[in-house]
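Here are my notes on the model you sent over, set out as numbered points. I hope they are handy to have beside the viewer as you go through it.

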Amino acid sequence: MRLAQKLKIIIFTVQKRKNKRISLIIQEGKLKSIYPDSKINRNRESSLKWVGVLKPTPLSQEYEVKLVYKKNKGVDVYITSPKELKRFNKNNLPHVYSTKEQKLCLYYPKYREWTVEQLYTDSIIPWTSEWLMHYEIWLITGVWSGGGKHPPKNKEKEKSKKE
Amino acid sequence: MLTVEQKKQFSEIFEELSNNLDISETQHNNAVKSYQAVGNWLSQEDSILAKYKPQILTQGSFLLGTVIQPINDIDDIDIDLVCELTGKNIEWTQNDLKRIVGERLKQNATYEEMLDEEGRRCWTLEYRKESEYLKEKYHMDILPSIINEGYSMILEKAFSHTDIRNVDNLAIRITDKESDNYKSDTNTDNWLKSNPFGYGKWFFNRAEISNLKLFSLNESIKPAPKYQQKKLPLQRAVQVLKRHRDIIFNGDEDKPISIIITTLSGKAYNQEENLIDAIKNIINTMHNHIEERYDSDLNKRIKYIPNPVNEEENFADKWIEYPQREKNFYLWLDKIKTDFSDILSQSQGLQFINESMQKSFGKDITTKTFSSYGERQRVNRENGNLKVSSLTGTIGAVGTKIKNHNFYGAEEKE
């Protein structure tokens, strides 16, 4: 009995590993059902673009967000409206790959916090809302309150961390 | 009109504001330690007061949980204290009692140095302890008073139930330099009555809401009350109103006094659980609790704000002598109504709410408020307590749980 159970688990895990990537059709369906007002373009299983409007907190403004997935290139998130986000003392935006492009860094790649096994609606999009909330607070305080990581400035630092 | 969710968020922001207005746990504990040391000094064996078992308790905003930080870091926090003596030497007049308490304080070199000029009813100690990490600056007003044998039992009993009758039993006798019998009368029955604990009891009765029943009552009358992080909406509302008053009037002597704001708030409060509802109701209806009564000495009608535990005491008695104080009260009330509705009209970005709140409560405290609000939201997410709703992706209590993650990102080169 015990053995049978173990086997079941093993089989299940193997199956799960095989099907780990969520197909873009499913991603699209889920996006449509949760954000019915958003626009989605999908090119088979090779790319997907989602444009939606998020209001990160009940008292926040609305922001237009663009999510782009390209096979083997991962997923990128941009704030497309307002075109130029206000900034605290003209500082660069916090936790972005690029202030100019308003391209957000929502997760730590090394920890595999996001993988193709996850729905955008369960991960990337909630994280974008959260980024926007902390962005509004950053505009007030000049300090990022959302936590997170900054890549080490040089390799030595990384080395010392590993040790 | 605010949606339910927006009102809830405003309430959370104002709770955070009240947390930041409150004294910190360290400040609280240090203040308690300091006044307990005074109590110990008064009751030491070699003290003439020892046999009357001197005990120091808090009164006023410290007792009510409505203390706020001063506007400027350099200003003092006021802590109102009662020094209770169980009985006295039968020959002592008010003058004797006051003098003897003062003399005992002066016997201690530290307290002698801290002692301020004698007040009408109190002795005041000015604490000035400054270190690199901590600035302790507070005024301690110590009110010498006489209680009867068994008073502490009566007090404890009164604070363990909600019955508001018999608060008269909690009255104490105090000294008053301006009373006619100050230097002559040795019978405490003829001394001025004061009822700070009766008032406290009244306030907590008003503040109570069903789901937080009696939670802070018994603690508040202990000799060393613990710091209370959780507060009732009425306590928070009073803190917010007092802060607005401080910003509008700064050091103006004719500003609306705290006891008037606190009393009218307590009367107007209607057990609202949401802080925004509470503040709205209070500022819109508090004026209804200012009475008009005929004063036979002046032969005219005067404004009257009775002490809820002593009808004969008019908290607005100074308005007769200083009419500007009455004017200022109504000016302030109008101003807070306008300012509050201006804040609530901002619903297009937290940064705009911040700008509006700054005018009412000050820049530093408002920035701190949003900073602790942000911290709290981060901790909420880390603990799996943040969700986003469908359609708008709005963070709140409903929807998809936000999975834990780490914001990443290189610090860009300029």
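1. A definition to begin with, as the small sheet depends on it: two strands pair if DSSP finds at least two bridges between them. This is a predicted model, and in it strand 11 (residues 387-388) of chain B is joined to strand 13 of chain B by 2 bridges, the two running antiparallel. Within that pairing, B:Val388 stands opposite B:Thr400, a residue of strand 13. The sheet as a whole is open, with 3 strands in the order 12-11-13 (chain B) and antiparallel pairing. Its edges are strand 12 (395-396) and strand 13 (400-401) of chain B, each of which pairs on one side only.

2. Now to the hydrophobic packing. In soluble globular proteins, nonpolar side chains tend to be buried together. Here the largest nonpolar core has 110 residues, and the members that touch the most others are A:Trp50, A:Tyr120, A:Ile124, A:Trp131 and B:Phe14. The element that gives the most to this core is helix 3 (residues 124-141) of chain A, with 11 residues. A second core, separate from that one, has 33 residues, including B:Tyr35, B:Leu42, B:Ile142 and B:Ile146.

3. B:Phe14 is a good residue to centre the view on. Which residues does B:Phe14 touch, not counting those up to four places away in sequence? The list runs to B:Val240, B:Leu275, B:Ile276, B:Ile279, B:Phe340, B:Ile343, B:Met357 and B:Phe361.

4. Helix 10 of chain B deserves a look too. Of the 11 residues in this helix (residues 258-268), 9 are buried, so the helix is largely enclosed by the rest of the structure. The buried residues are B:Ile260, B:Ile261, B:Thr262, B:Thr263, B:Leu264, B:Ser265, B:Gly266, B:Lys267 and B:Ala268. Note that this list has B:Lys267 and B:Ser265 in it as well as B:Leu264.

5. On to the aromatics: a search over all chains finds 25 aromatic pairs. One of them joins A:Phe88 and A:Trp138, with 6.4 Å centre to centre and 55° between the planes, a tilted arrangement. The two residues are 50 apart in the chain: A:Phe88 is in the loop between strand 4 (74-81) and strand 5 (96-98) of chain A, while A:Trp138 belongs to helix 3 of chain A. A:Trp138 counts as buried because its relative accessibility is 4%, and the cut-off for buried is under 20%.

6. In chain B, the ring centres of B:Trp319 and B:Phe329 are 5.6 Å apart and the planes are at 40°, so this pair is tilted. B:Trp319 lies in helix 12 (residues 318-321) and B:Phe329 in helix 13 (residues 323-344) of chain B, so the pair ties together parts 10 residues apart in sequence. Both B:Trp319 and B:Phe329 are buried.

7. One aromatic cluster takes in both chains: A:Tyr63, A:Phe88, A:Trp131, A:Tyr135, A:Trp138, A:Trp144 and B:Phe407. There are also charges over rings. B:Arg104 lies over the face of B:Trp41, 3.7 Å from the ring centre, and the charged end of B:Arg293 sits over the ring of B:Tyr304, at 4.0 Å from its centre.

8. Last, the salt bridges, of which the structure holds 29 over all chains. B:Glu118 and B:Lys98 meet at 3.0 Å, N to O. Their positions are 20 residues apart: B:Glu118 is in the loop between helix 5 (109-114) and strand 3 (123-130) of chain B, and B:Lys98 is in helix 4 (residues 94-106) of chain B. Is each partner buried or partly exposed? B:Glu118 counts as partly exposed, at 32% relative accessibility, whereas B:Lys98 is buried, with a relative accessible area of 0%.

9. Another salt bridge brings B:Asp254 and B:Arg325 together at 2.9 Å, N to O. B:Asp254 is in the loop between helix 9 (233-249) and helix 10 of chain B, and B:Arg325 is in helix 13 of chain B, 71 residues apart. Both B:Asp254 and B:Arg325 are buried. Elsewhere, B:Arg120, B:Arg121, B:Asp176 and B:Glu178 are joined into one network by salt bridges that share partners.

Terms used:
Residues are numbered from 1 along each chain as its sequence is written. Chains are lettered from A and ligands numbered from 1 in the order in which they are written. This is a predicted model: local features need pLDDT of at least 70, side-chain atom pairs count only at pLDDT 80 or more; totals for chains, interfaces and linings use all residues. Side-chain values use heavy atoms; hydrogens and water are left out. A nonpolar core is a set of buried Ala, Val, Leu, Ile, Met, Phe, Trp, Tyr and Cys residues joined through side-chain atoms within 4.5 Å. Buried means under 20% relative accessible area, exposed over 50%, partly exposed in between (1.4 Å probe, protein chains only). Helices (H or I, at least four residues) and strands (E, at least two) are DSSP runs, numbered from the N terminus. Contact means heavy atoms within 4.5 Å. Rings of Phe, Tyr and Trp (its six-membered ring) pair if their centres lie within 6.5 Å; planes under 30 degrees apart count as stacked, over 60 as edge-to-face and the rest as tilted. A charge sits over a ring if NZ of Lys or CZ of Arg is within 6 Å of the ring centre and within 35 degrees of the ring normal. A salt bridge is a side-chain nitrogen of Lys or Arg within 4 Å of a carboxyl oxygen of Asp or Glu.
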